[in-house]
Structure formats: structure tokens, C-alpha cells
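Please look at the structure below with its sequence at hand. The paragraphs after it lead from the surface to the interior.

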Amino acid sequence: MPAADTTASARTESRTPTAERPAAGSAATYLGWLFAIAIAAAAFNLRPVVTSLGPLLDQVRDDLGMNPTLAGLLTAVPSLCFALFGFAAPAAARRIGPIAVITAGMGAITAGVLARSFAGGTAVFLLFTALALAGVAVSNVLLPVVIKRYFPEKVGPMIGLYSMALSAGTALAALVSVPLTSSLGGDWRHGLGSWAALGALALVLWLPLLLARRERGERAGGAAAPARLPITRSRTAWAMACFFGLQATGAYVVMGWLPKIFQDSGIDKGTSGVLLAVTMVIGVPVSFVLPNLAARRGDQRLFVVVLASCGIAGYAGLALAPAGAPWVWSVLVGLSNCAFPLVLTMIGLRARTAGGVAQLSVFAQGVGYLIAVPGPILIGRIYDVTGEWYWPLGFLALLLVPQMLFGLRAARARHIEDEAVHPAQRAQA
């Protein structure tokens, strides 16, 4: 898959002797394939930081002396880090280029995952988890930017590759965390720390790209920085941010607490990890198919309603009879969590320009993840007080109602450029 920086390639070709052009084209082809593999490897590392922890959370809590409220805080850390560092990612990319920031992100994931496995207390564990999540956050925001910049003619397939790799990494970490830890002697530190190897592999793949591209911020793409939109004036942008935040709340509660919910109902650790993996595996094919289906429609309201309905049914089943049909509940909750690829697709459709998409993405993800911060903490607190999962799961089901309402508003065929304008400009139009 050749890298698609076509303008730069054309300029380079015009200055290159004819005899050297075939070699240059071959090098561009290899670099394109390396880019695609590196993007998939980076996406694969964006969720194991969280989902490898869920099946082992009881062991980590017992060893580090966490109470359920602190464990709830741990499940909220991803959203907080994604919001804070996600807002900072575009500024860093403007200074040193998105490839450099993503490469640094892979380094942070590797170092954080490895270092937290040596933590002697909760504070240190949270600190190094936050370091790894900072790497996840900046990569989360900038990988679509890299795809848009270097694969402008293959955005759909590359976003599909990105989404599938992300879902696959999420599912694999949930599936093998328990057996991997058992094979390494049963110590959670070995099981969690081993995921640093995947981060190191992604880092090795991104370093040659960093050297080959030698980006210098905005000038690396050969274009001026896009004009800033007063995006807070857009109702669609706010609806998108709220929709994003509410779906993220459910997703990170599920990743952090679902194995515990099943274990408390009498299901063993290994099976609970497999059930979490089923929830995540559903996203692999859906993440590829759903964006294509959604993009063909004028609006995406049907998908918003269907996914929310699946979540309500899944949470109700978990609350009333978690061990009665655990595989069904896992599938339904997994389908509900596919609101994530849906909202990514909607972000791309709600703006006319690449600059508008980038600004909407940063706004929706940044504000959305801030909205998601209290949810996992509150779930842990409700469980701590009641000692059962009925009320926390009822709360999650209730949150799907406003998620659906905001999603219906965000899914309408609108563009933020038409809304995010100053009143004087609107009057002139």
C-alpha cells in the first residue's frame, strides 16, 4: 500500500533523474507498507493498557490495598488522561509533527506499562498507568490525522484497518491476560508487564518513519495551518461531544468492571476474561462494516437507536441474571460499545474540510472524555456502598437514554462550518 503523500512525491520525482525514479517508487511503496503496518501496530496498543487490567483487577486491588472507590478511580483515569493529553496533542503536532508525537506516544506506552508492573503502591501504579495512557491519548487523536495526511485516497480502508486493529488489541488483552499471567507464574506483575513488548514493537516500527519523514510540524504537510473555527458555537459539536462522552463512560466501565461483575456472579476468572474478550471481539468486524454503512446514509440516527437499545438490554440482563445468559449479555454490551466507531465516522461526516474534521475530533474527544471521567468513579462508589451490581448497572442503562438523545442530534446531516460561525458572518450569509 504506497504512502499517499502525492504532492510531495510529485515534487520529488520532478527533481529526480529518470534512471533513479523506479528505485524511488519502490522505496515509496515499501515506506507505504511500513506506514500501514506501523499504524496497525500503534492502534493495537491503544487499549491493552486498560483491558489487560480488568480480568486481574481483584489481584491488583488485593496486592496494592485498593478499595472499590480507588479501583473506580483507576477505571476513570483513562478518560481523564485522554481528555487532558488529547487537548495537548494538536499543539505538540504543530511543533514537531504528528509522527514524532505518535512515536513518543509508543515510547510512553512501553515505559508506563513496564514500570507500573514494579509499582509498590497505588499512587505509583496510578502514576505509571497515567504515563502509558498519555501515550495512548496523543496517539488516539493523531493517528487519524496521519492517515488523512499520508493516505488521502485510502482514508476509508486505513480507518477500517485502524479500527479493526484497535478492537483486536482490546479483545486479545482481555482474552489472554489471565492465562498469560498463569503461564508466567500467577503474578499479575508479570502478566501486565509483558504487554510492554507490544508497545516496544510498535516503537521500533515508528522510529524509521520518524527518520524517513523528518517532519517539522505544520510545514511537514506542505500546507498552512487550517483556520480556527469558533466550534463552541456549534450545537452539533456539543451534541457530538456529549454523545462521545456518554458512550466512553459505558465503554470504560465495561472494560474495567465487566470481569468483576461476572466473577461476583460465580463465574471463574478465566471465563470472565473470555466474556470480556467476546464483548471486545464483536467490535472487530463491526468496526469495519459499521462506518461504511453509516457513511452511505444522510444521517445515522437508526444506528444510534439500535446500539443504545442493545446496551439497555445487555445491562438489564447483567443486572437481573448475570450468570443466566452471560454470552448473550456480552454480545449485546459489545454491540452497544460499537458506538465508538460510529461516533468516529460521524465526526468525519459532520465537517466539510479536513481542518474542520480535525478541530471537531479534538473538541468532541477532549470534552467527551472529560464528561466520561465521573462515571467509572461513581460506579465504583455505588458498588462500594451497596455491595451489589444491580444499582450500578441500572445507572449505566439509564445513561443510555441521554446518550441516545444526544446521538440523535449529532447524527443529523449537518456541518459544523454552517453552525460554528460568528453572528456577523451568519448575517452576511
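What follows is a short walk from a surface patch to two residues in neighbouring paragraphs of the description.

This is a predicted model, in which local features need pLDDT of at least 70 and side-chain atom pairs count only at pLDDT 80 or more, while totals for chains, interfaces and linings use all residues. Residues are numbered from 1 along each chain as its sequence is written, and side-chain values use heavy atoms, with hydrogens and water left out.

On the surface, Leu-80, Leu-84, Phe-85, Phe-87 and Leu-370 make a nonpolar patch of about 420 Å², a patch being built from residues with over 30% relative accessible area and no salt bridge, where nonpolar side chains are joined within 5 Å and like charges within 9 Å. Accessible areas come from the Shrake-Rupley method with a 1.4 Å probe, and for residues only the protein chains shown count as cover; a salt bridge is a side-chain nitrogen of Lys or Arg within 4 Å of a carboxyl oxygen of Asp or Glu. Helix α5 (residues 68–96) gives the most to this patch, with four residues, and Phe-87 has its place in helix α5. Helices are DSSP runs of H or I with at least four residues, numbered from the N terminus.

Val-138 lies in helix α7 (residues 122–150) and is buried because its relative accessible area is 12%, buried meaning under 20%. Leaving aside neighbours within four places in sequence, Val-138 is in contact (heavy atoms within 4.5 Å) with Phe-85, Ala-89, Val-101 and Gly-105.

Notes:
Helices (H or I, at least four residues) and strands (E, at least two) are DSSP runs, numbered from the N terminus. Buried means under 20% relative accessible area, exposed over 50%, partly exposed in between (1.4 Å probe, protein chains only).
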